[in-house]
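Visitor: Please take me through one part of this model slowly, a sheet and whatever lies around it. I would enjoy a close, connected look.

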Amino acid sequence: MGIIKILLWGRPTPSRRKPVPARPSAGATPIRSVRRKFLLRGIEYPVILKTEAARNGLVITDQAFIVSLHPATRENFGLFMENWYRRQARKAFQEAIDRWLPLFLEAGHSIPAPRLKIFAMRRAWGRCYYTKGLITMNLHLVKAPQPCIDYIVLHELCHFVISNHSKDFYRLVESFMPGWREADKLLKTFARERRILG
């Protein structure tokens, strides 16, 4: 009995154990630094990579994305960043929806809160399927400045009131966002210069 107690007490507790470095799978490419910069809501960030981490994570500072990786491979980095961008996009688009919907109600347009799907689209920033109560948004839109995000979300929500792109439709958009043309121009310029669409 005493031997059993000694063996149990002699084991390190999980909180004291050091993380065991994960071995990259066969064919995985080790990574030590990231040269390219990443965009979020119109701001460009370099990446500071921490390769001795216990798990994946990302902290945003004023100057950089501090990315922790485990294991430190290019494949893990790519997958982690894609999933991270999806979470950021969902948060940004949902916040915009939640800001616009009360304004629609105040204007006398009671539209249902739409379901939101996110895809990496090549040719469109968003699409509205008003008969299904659904909007789809382009994952890459989260890289654009906030006024661009607000405009595209508004544009898709307006299709729940007017399904086409008539003059009445754009009058409705303008009633909520008088500066929508500037936001549209900013988005086109930003996307072209940063090559984030198509």
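Guide: Let's start at Pro71, which sits in the loop between β5 (65-68) and α2. This is a predicted model, and in it the peptide bond from His70 to Pro71 is cis, with omega near 0 degrees. Beyond that loop comes helix α2, residues 74-106, and this helix leads us to the sheet, for α2 lies across β6 and β8. Relative to β6, α2 runs at about 145 degrees.

The sheet itself is open and has three strands, in the order β6-β8-β7, with mixed pairing. β6 (115-119) and β7 (126-129) are the edge strands; each has a single partner, so one side of each is left without a neighbour in the sheet. On average, and ignoring direction, neighbouring strands here are turned by 20 degrees against each other.

Now to the two pairings, which you can trace on the model. β6 and β8 run parallel and are joined by five bridges; here Arg115 stands opposite Leu134 of β8. On the other side, β7 and β8 (residues 134-138) run antiparallel, with four bridges between them. Two pairs are worth picking out in that arrangement: Tyr129 faces Leu134, while Cys128 stands opposite Ile135. Leu134 is thus a handy landmark, with Arg115 opposite it in one pairing and Tyr129 in the other.

β7 and β8 also form a hairpin, with four residues between the strands. Within this hairpin, Gly133 takes a positive phi near 65 degrees.

How well covered is β8? Mostly covered: five of its five residues are buried, and the cut-off for that word is a relative accessible area under 20%. In a regular strand, side chains alternate between the two faces of the sheet. In β8, Leu134, Thr136 and Asn138 point one way, and Ile135 and Met137 point the other way. Residues on both of these sides are buried, Thr136 and Asn138 included.

Let's return to α2 and follow it into the interior. The largest nonpolar core has 58 residues, and those touching the most other members are Phe65, Val67, Phe77, Met81, Phe93 and Leu141. α2 gives the most to this core, with 13 residues. Phe77 makes a good place to pause: leaving aside residues up to four places away in sequence, Phe77 touches Ile31, Val34, Phe38, Val47, Leu49, Val67 and Leu69.

Finally, a word on backbone angles elsewhere, to set beside the glycine of the hairpin. Arg41, in the loop between β1 (38-40) and β2 (43-45), has a positive phi of about 50 degrees although it is not a glycine. Arg41 is partly exposed, at a relative accessible area of 26%. Arg195 is another non-glycine residue with a positive phi, near 55 degrees, and belongs to the segment after α5 (180-194). With 75% relative accessibility, Arg195 counts as exposed, because that term applies over 50%.

Notes. Residues numbered from 1 in each chain as written. Predicted model: local features only at pLDDT ≥ 70, side-chain atom pairs only at ≥ 80, totals over all residues. Heavy atoms only, no water. Pairing = 2+ DSSP bridges. Axes fitted to C-alpha atoms, helices over the stretch in contact; angles between N-to-C directions. Contact = heavy atoms within 4.5 Å. Buried < 20%, exposed > 50% of the residue type's maximum accessible area, 1.4 Å probe, protein only. Core = buried A, V, L, I, M, F, W, Y, C linked by side-chain atoms within 4.5 Å.
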